[in-house]
Amino acid sequence: MTTMTAKHIVFAGLTALFASALPAQDLTVVKAGTLYQGRGKPLLKDVVILIENGKIKKIDKGTKIPWNAEVIDASKSYVMPAWVLAHGSGGLDRENESIPVTPYLTIMDSVDPSSNYFETARRHGIAILHILPGNATQVGGRGVLLKPSGRTPEDMALVEKAGMKMSLQATRGSRSQHLLQIEKAFKAALDHRTEILRQKAEWEEDKKNGATTVEEFDVDKKIDKLKKPLLEMLDGKVPVYLYVPGANDVANAFSLIEKYKLKAVLVLGGDCYKAVDLVKRYGRRNPGKLRIILGPKQEVVEKDPVTQEETLVCPAKVFFDAGLPFALSSTSSSGRWGGSSGNPALTMPWYQVGTCVRHGVPEDIAIAAFTEIPAMFLNRAKRFGRLEVGMDATMQSLAAAPMEPESKVRMLLFEGQIIYDRSKDPRVKQLTGKPTQTR
Amino acid sequence: MNPLRKPILPDASAKSLPMIHPHKLALGLALGLTLGLGASLGAQDRLLLKGAKVFTGKGPFQEGLQILVVDGKIQKVGKDLSAENSTVVDVSGKWITPGLVDANTSLGLATTHTNEQSNETTPHIPILDAIDPRAANFKRALGMGVTSAYVSPGGMNVFGGLGVVLKTAGPQLSERIILDKTGLRMTLGAMASSGNRSFRGGNPDSMFYRRPTSRMGVIWEIRSQFYKADAKRASGQGFDPEKDPATRTLIAALDGKLTVRTTARTDQDIRTALRLAEEFGIRIAIDEGTEAYNSLDQIAAAGVPVIASPPSVSQHPDRAERHLDTIKLLADAGVVVAIQTGQGLGALPLIREASFAVRYGLPRERALEAVTSVPAEILGVSDRVGSLKEGLDADIVVWDLNPLSVFSRPESVYVGGKLLHDGKAKKTKKVTSPRRGTPRKTRL
């Protein structure tokens, strides 16, 4: 048995001290053949992206590659920001609870990390997802902002209690009844707080009059836990993601937002594009507050009931023509390869972007609608959605520009870490090439 | 304007002809003839498309090719063609393909009218009788460059009936038909028996208490029908082809005069289809063939073409499991393969499906062939459509970009030399709010 001398102890102590004082640098270098940084930036050829601790430190042609950096060779790839999904309901056990007003629910309790939805998201280059309850609700609960990689919901979560989901889609009874129920829930929460505050005032009055009390009156503790999330939303502490199913609900949505001063992100589905004038006027009245996420269907067939003539409408183009910023979204189905309802193409951001461009939305605007604009809505514009010095190294490398027919995601990085590598994707191996044996 | 509702103008130049007062007609005609108007009227049926990159149906896009159309037919495809007496359309910077051919659709069919379920074998029933030529999906298909389509009976019967190849637009349905009573639909797998119930005591109260009720029952029904038809053909007695069209149809299939469009999705059904083809000497084409990646060599050896499932679709009937690159694998194995949008599969427009096939490994040229010349060959209509060559119908699509780009749109679609879809003259619909004024505040 050896004994440790005082010299050894001092040396070991100093080593440990320095090791803790100087954090280990995590250096990664991405050699990009073509780099698309974001709207307004020129395409760069043959550049090096230096990543330090998940952040982009340098983007340059002549950057010297540090000896201790991990090098990702994307010199024959097209590198661009990863897609950001601001509103989705995939990767869950079930999207909606059967009770219509459930503000206390949290998606964290339902996220299934092994769901195909997240696997598909990675394969399609989506690195940030805001997963919320579905649309068949009144007040559905809190969403979670996550990355589509991790063994547990905790591993995946970036913000565990993100936006609150609300929907104006009347699933039981009429639309007016649906609105009434929402307001009733609001009123019940507000009345409850008023009552607690009244009790506190009474308690203080009693105390002033000399009453003896065992403990202090803590309003926060007295508030019903089931109502608290709703009160946080009504206080503007939590943004509400309000699903509006059709044009005739848009006015109701604005009434609700203005009456209760909600900090809202509108999720516009169906034929909401018909209410574009209304949306525009609201935007003028509330500068900087209008946040729109468009539903996944970017080609809507309108049929004239008399002549049967059909017109194809692209909602994104309608909002673009109106000068309104918007984010795009994709379908949330968790089917075997990306979709159990509708065509799987609607789960693919490149297809959504391509559809908008086909209808006349400029390409950089359409790409921004799936990168920097949703990042802005999620208050993460300084981290995701663009590739600039100081931002997170959350990017994808593709075989070609995303809308080219031969394009496919080769690699997906989240904060400099590889979370998808197509060459190691077991599903791609399983679903391509000649099978080694029949089923 | 809906081309199905209004008479088709002779050509674009006719639109600009002024109204002529009847009293001045004779004088006008005489003057016109004198001034050589006759020559310019002759030019109405001559059209020269020039300046675009051209895909003729095979091979790569070629620069500098011009297409001369006379009386609705392609007279010549070549360089430096004479524009004399022709309406010249300069499509410089554009991309031209033949009108697309969709080898399996349910265009013009109401969903309830695709299956005749009074019997599980209805080989002789022509689907043409159920087609609504004014159906909106024809116009939608035309707007995406599809000018010819095979319309198939539904797949709920063992033998579903006879399909038809027709144009997606034109003046009358009768004039749109390219080939009628072609392709006998035969469905393998679970679908053809899915509506039937087996009899297990009690009183059968529905016609669906009948065979077949299983996959093997379906195959037996096929064999049984072919045996009966063969026996009638062999005996020559008691069989009047005029009075027994079902048997007549099956005999045509046994004689190899009629392609049996065999819907087979799973590997086991594909192998069964190949076995049946060999057993009865029938000429088959495999429809959908979702799991064809398992039997590439067998399909290639049998020389059977495959009209493949749309590659963008993930979930298929019969729980068939797709491979992303099945179409590429089939092409690599030497199988003649076309792409279809299919019936009720939720496919994208045909050109987007071709684009998906490219995304999953098929070379671009092969993808375009799989939606033009190859389906035309499989359908037996390559002497009319599917390619841009002399003597074929002038079914031409002018695209704004490479058609396989997700951004591409058909700018002009010509059917029989007539411009029946003008994508440039896109209707701009003013989208207005259904409610005016500020949001109501009183209600809440």
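## Exercises on strands and domains

In chain B, strand β1 and strand β5 (residues 87–90) pair in the parallel sense over four bridges. Strands here are DSSP runs of E with at least two residues, numbered from the N terminus, and two strands pair if DSSP finds at least two bridges between them. The model is predicted, so local features need pLDDT of at least 70 and side-chain atom pairs count only at pLDDT 80 or more, while totals for chains, interfaces and linings use all residues. Residues are numbered from 1 along each chain as its sequence is written, and chains are lettered from A in the order in which they are written.

**Exercise 1.** Find the residues that stand opposite B:Leu48 in β5(B) and B:Leu49 in β3(B).

*Solution.* Step 1: start with the parallel pair, where B:Leu48 faces B:Val88 of β5(B). Step 2: turn to strand β3 (residues 66–70) of chain B, which pairs with β1(B) in the antiparallel sense over four bridges. Here B:Leu49 has B:Ile67 opposite.

**Exercise 2.** Sort the residues of β1(B) by the way they point, and say whether they are buried or exposed.

*Solution.* Step 1: recall that side chains in a regular strand alternate between the two faces of the sheet. Step 2: B:Arg46, B:Leu48 and B:Lys50 point one way, and B:Leu47 and B:Leu49 the other. Step 3: five of the five residues in this strand (46–50) are buried. Buried means that 20 or more other C-beta atoms, placed from the backbone, lie within 10 Å of the residue's own.

**Exercise 3.** Which strands stand at the edges of the open sheet in chain A, each with a single partner strand?

*Solution.* Step 1: write down the order of the seven strands, β3-β2-β1-β4-β16-β17-β18, with mixed pairing. Step 2: β3 (55–60) and β18 of chain A each have a single partner strand, so one side of each is left without a neighbour in the sheet. Step 3: look inside the sheet, where β1 (residues 27–35) and β2 (residues 44–52) of chain A run antiparallel, joined by eight bridges. One facing pair is A:Leu27 and A:Glu52.

**Exercise 4.** Describe how domain 1 of chain A meets domain 2 of chain A.

*Solution.* Step 1: domain 1 covers 24–81 + 386–430 and domain 2 covers 83–187 + 224–384, with bounds from an automatic or database domain assignment. Step 2: their C-alpha centres lie 28 Å apart. Step 3: the contact takes 18 residues from domain 1 and 19 residues from domain 2, where contact means C-beta atoms, placed from the backbone, within 7 Å. Step 4: on the domain 1 side, β17(A) gives the largest share, three residues.

Methods: Contact = placed C-beta atoms within 7 Å. Buried ≥ 20, exposed ≤ 12 C-beta atoms within 10 Å, placed from the backbone.
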